[in-house]
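I opened a fresh notebook page for this one. Here is what I looked up, entry by entry.

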Amino acid sequence: MSEPSQELSDPRELFLGYLDWYREVVLRKLDGLPQEELRGSRLPSGWSPLEMVKHLAYMERRWIRWGFCGEPVENPWGDHEDGRWALAPEDTLESLRAFLLEQGEHTRRAVSSADLVRQAPPGPRFEEGAPPPALSWILFHVLQEYARHAGHLDVVRELADGVVGE
């Protein structure tokens, strides 16, 4: 998959295209890494590449499903334990890849027919008393999370085996 076309100008399609692209970039960074690199950390902060993927899937789920769509979400902070990202023993690259892509499919369905200026409904995702953000703000936030964390994975991959860039 390549970056969305420079000819694309529709904001909705730009958001969706870049989110799809960054999901693939993140997953591609993990291809070929051995289990000890996927579950271990090379950084003082201690997060692992699999924890990052789990975080991104839960982050998108929190913002789109729980926040913008107002759906009830069981364990919306399931990527966190004791204030940091965490894995369950059953979490694998394959299961987290499927979970991340499932969130992307849901995002595409939810955003395809929604007005970008529509505000999310009030609910437990947002601070009480503060107006919920518009879909465009949420999408921009989710996109910047993917971009930032893809850069983090660039560094980890280079430290692990010397593979750099896209």
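My entries go from the whole chain down to a single helix end.

**Entry 1, the model.** I noted at the outset that this is a predicted model.

**Entry 2, the elements.** I counted the secondary structure of the protein and got 5 helices and 2 strands. Reading from the N terminus, I wrote the order down as α-α-α-β-β-α-α. I then checked the radius of gyration: it is 16 Å, close to the 15 Å that the globule rule gives for 166 residues, so the protein is as compact as a globular protein of that length.

**Entry 3, the extent.** I laid the C-alpha trace along its principal axes and found spans of about 45 × 45 × 25 Å.

**Entry 4, inside and outside.** I looked at burial next, and 48% of the 166 residues count as buried. The exposed area of the protein comes to about 8,800 Å², with 52% of it supplied by carbon and sulfur atoms.

**Entry 5, contacts.** I took the contacts with a separation of 6 or more, and 70% of them join residues 24 or more positions apart.

**Entry 6, charges.** I tallied 18 positive and 29 negative side chains in the protein. How far apart do the centres of the two sets lie? I get 1 Å.

**Entry 7, helix α5.** I picked out α5, residues 135–161, to test its length. At 1.5 Å a residue, its 27 residues should span 39 Å, and the end C-alpha atoms are 39 Å apart, which agrees. Just after α5 I came to Gly162, where phi is positive at about 85°.

Methods
Residues numbered from 1 in each chain as written. Predicted model: local features only at pLDDT ≥ 70, side-chain atom pairs only at ≥ 80, totals over all residues. Heavy atoms only, no water. Helix = DSSP H or I, 4+ residues; strand = E, 2+ residues; numbered from the N terminus. Rg over C-alpha atoms; globule rule 2.2 N^0.38 Å. Buried < 20%, exposed > 50% of the residue type's maximum accessible area, 1.4 Å probe, protein only. Contact = heavy atoms within 4.5 Å. Areas by Shrake-Rupley, 256 points an atom, 1.4 Å probe, with all protein chains shown as cover. Lys, Arg positive; Asp, Glu negative; His and termini not counted. Charge placed at Lys NZ, Arg CZ, Asp CG, Glu CD. Expected span 1.5 Å × (residues − 1).
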